[in-house]
Amino acid sequence: MSVRIPARKLAPLSEAPPTGVPAYRALAAGIRDWLMDGRLVPGAILPSERALTQTLGVSRTTVTRAYQELVKEGYAATRRGSGTVLRFPGAGPNRLSPFGPQLTDPDDDQVDFTCAASAAPAGLMTAVDAALGELGAHARGIGYHPRGLPTLREAVAQRYRDRGLPTDPENILIVPGALAGAAVVARARVQAGDRVLIESPTYPNAAQALRAEGARLVGIGVGGGGWHVPEIAAALRRTRPRLAMLIPDYHNPTGALMDDDTRAAVAAALRAGDCTALVDETMAELDLDGAAGGRPTPFAAQAASTLTLGSMSKSFWGGIRVGWIRAPRSEVDDLYAALSTLSLGCSVIDELVAVHLLADADRILAERRASLRRSRDALVALLRTHLPTWEFGVPSGGLTLWCRLPEPIAVAVAGQAERLGVYVVPGVRFSIGGGMAHHLRLPYAGDPGSFATAVERLRRAYDAALAAPSSLPAPQDPVTLGERDAMIA
């Protein structure tokens, strides 16, 4: 449902236009700039001409011509019975889809940086063929396995044992992806008003899953230095949260990796605060550089009460909608009860495919890591050459670069980039409570052949945003984005 913008929100646009600029053009430019920097969102309805005339103290003709100018430029459209609706130029019904060009023409030259996900591995069809060969035996049953196929639960448990964490199939609950797992945990463990400690920035869809159950999110900073244990301990003492959601393995979006000593310290703080860790490990298998001394142990090795989310999506392929929750046995029944209110389980064929992919995981993941390492290094080289003022650390694993721009114009850059056919997500979408106006997340999991074009367009988008100083967000008016990118992979 579209929301009408209150006329009073546009009151700051009443300032006198620059010398020689017609008032209607100045008003149209102001509205356009606010749309580009996120203070106005596509799909919102502009105030009635009469209301805006009264608020700004200008003539009705000025407002009418400003709206006409926006329509002519493609930044608005008239809708019978509603009024003038904001939009972006060239936006068709699928153009502003959650995953950008992946849902439009696959042969065009658009580049999607909204998805931190890779194409299917070379072993996928072999796993599919093996799964289809076994499907007949399952077809004699009703097809429901609400806790997951026993063979899959054992395969997932084995991956944890291989990482040094004793795990039985009874510790594993299969769910339709890690995000579904977050929703299950929220349903089981969060009541309206409960506080949940969560990193900022963080994966926004998981934050929304917690908010959907009425959680009050308490952000803790995860910047270039990673996790600050005294801050976490202080937040635990001050807010007494029920859960703490963490992404210690190649954090999305920053790429940070929590070392073993920090894991132990955070786990001790959580125990002292009687708080359960909800840990997202979807990136845990994507270590690209081979950490000295080996990868850190799973967080659950430090805190036995940890609820751990995992998924096939990042390590293998997003088309296999299979994830899991690893939990103490005493928790699994309650989690299953919550799952049953949201889903009756995953597709049998997807679960069978997952079993065979996990059986070949060492080979598949070795190839995946090598490919991602090449992609990461290619994107890093291009950014350093063409956008040398952008700052970022080179993560040792995961799928994303967390870029800091010198100016707080990331939303404006994202808007300009979209006009050039590159879809990027600004940092504000990953923040808890606002901010991150300097940041963009750039996944390197896509086609490296598209990176040169994408970076060249990002440079043009950055130059265009710099040339429009009116697009800078005001500190008292935090930018937000609309429904067009509500889903981010």
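Student: Why is Trp 390 called buried?

Tutor: This is a predicted model, and in it Trp 390 has a relative accessible area of 4%. Buried means under 20%, so Trp 390 counts as buried.

Student: What makes Trp 390 and Tyr 462 an aromatic pair, and which kind of pair is it?

Tutor: The ring centres of Trp 390 and Tyr 462 are 5.6 Å apart, and the limit for a pair is 6.5 Å. Their planes stand at 85°. An angle over 60 degrees counts as edge-to-face, so that is the name the pair gets.

Student: Why can this pair be said to tie together parts of the chain?

Tutor: Look at where each partner sits. Trp 390 lies in the loop between helix H12 (361-386) and strand S11 (400-404), while Tyr 462 belongs to helix H14 (residues 451-466). The two parts are 72 residues apart in sequence, so the pair ties them together.

Student: Is Tyr 462 buried or exposed, and how do you know?

Tutor: Tyr 462 has a relative accessible area of 7%. With the cut-off for buried at under 20%, Tyr 462 is therefore buried.

Student: What makes Trp 402 and Phe 430 an edge-to-face pair?

Tutor: The reasoning runs along the same path. Their centres lie 5.7 Å apart and their planes make an angle of 85°. The distance is within 6.5 Å and the angle is over 60 degrees, so edge-to-face fits. Trp 402 is in strand S11, and Phe 430 is in the loop between strand S13 (425-426) and strand S14 (439-443). With 28 residues separating them, this pair links distant parts of the chain.

Student: Why do Trp 402 and Phe 430 both count as buried?

Tutor: The relative accessibility is 12% for Trp 402 and 0% for Phe 430. Each value is under 20%, so both residues are called buried. A search of the whole structure finds three aromatic pairs, and the two we have discussed are among them.

Student: How do you know that a charge sits over the ring of Tyr 24?

Tutor: The charged end of Arg 65 is 4.0 Å from the centre of that ring. The distance limit is 6 Å, and the charge must also be within 35 degrees of the ring normal. Arg 65 is listed as sitting over the ring of Tyr 24. Likewise, the charged end of Arg 147 sits over the ring of Tyr 336, 4.3 Å from its centre.

Student: Why are H8 and H9 called roughly parallel?

Tutor: The axes of helix H8 (residues 229-239) and helix H9 (residues 260-272) cross at roughly 10° and come within 9 Å. Angles under 35 degrees count as roughly parallel, so H8 and H9 earn that description. Their crossing is right-handed.

Student: Which residues meet where H8 and H9 come together?

Tutor: From H8 there are Val 229, Ile 232, Ala 233 and Leu 236. They meet Thr 262, Ala 265, Val 266, Ala 269 and Leu 270 of H9.

Student: Why is Ser 371 called partly exposed, while Ser 118 is buried?

Tutor: Ser 371, found in helix H12, has a relative accessibility of 33%. Partly exposed covers the range between the 20% and 50% cut-offs, so Ser 371 falls there. Ser 118 has a relative accessible area of 10% and is therefore buried. Ser 118 lies in the loop between strand S3 (111-112) and helix H4 (124-139). Leaving aside neighbours within four places in sequence, its contacts are Trp 317, Arg 368, Leu 372, Leu 399 and Ala 445.

Student: What makes the backbone at Tyr 250 worth a look?

Tutor: Most residues other than glycine have a negative phi, and most peptide bonds are trans. Tyr 250 has a positive phi of about 55°, although it is not a glycine. Tyr 250 lies in the loop between S7 and H9, and its relative accessible area of 2% makes it buried. Arg 240, in the loop between H8 and S7, also has a positive phi, near 50°.

Student: Which peptide bonds are cis?

Tutor: One cis bond joins Ser 200 and Pro 201, with omega about 10°. Another runs from Asn 252 to Pro 253, with omega near 25°. Pro 253 lies in the loop between strand S7 (243-246) and H9.

Methods
Residues are numbered from 1 along each chain as its sequence is written. This is a predicted model: local features need pLDDT of at least 70, side-chain atom pairs count only at pLDDT 80 or more; totals for chains, interfaces and linings use all residues. Side-chain values use heavy atoms; hydrogens and water are left out. Rings of Phe, Tyr and Trp (its six-membered ring) pair if their centres lie within 6.5 Å; planes under 30 degrees apart count as stacked, over 60 as edge-to-face and the rest as tilted. Helices (H or I, at least four residues) and strands (E, at least two) are DSSP runs, numbered from the N terminus. Buried means under 20% relative accessible area, exposed over 50%, partly exposed in between (1.4 Å probe, protein chains only). Axes are lines fitted to C-alpha atoms, for helices over the stretch in contact, and angles run from 0 to 180 degrees between N-to-C directions. Angles under 35 degrees count as roughly parallel, over 145 as roughly antiparallel, 65 to 115 as roughly perpendicular and the rest as oblique. A crossing is left-handed if the near helix is turned anticlockwise from the far one by less than a right angle, and right-handed if clockwise. Contact means heavy atoms within 4.5 Å.
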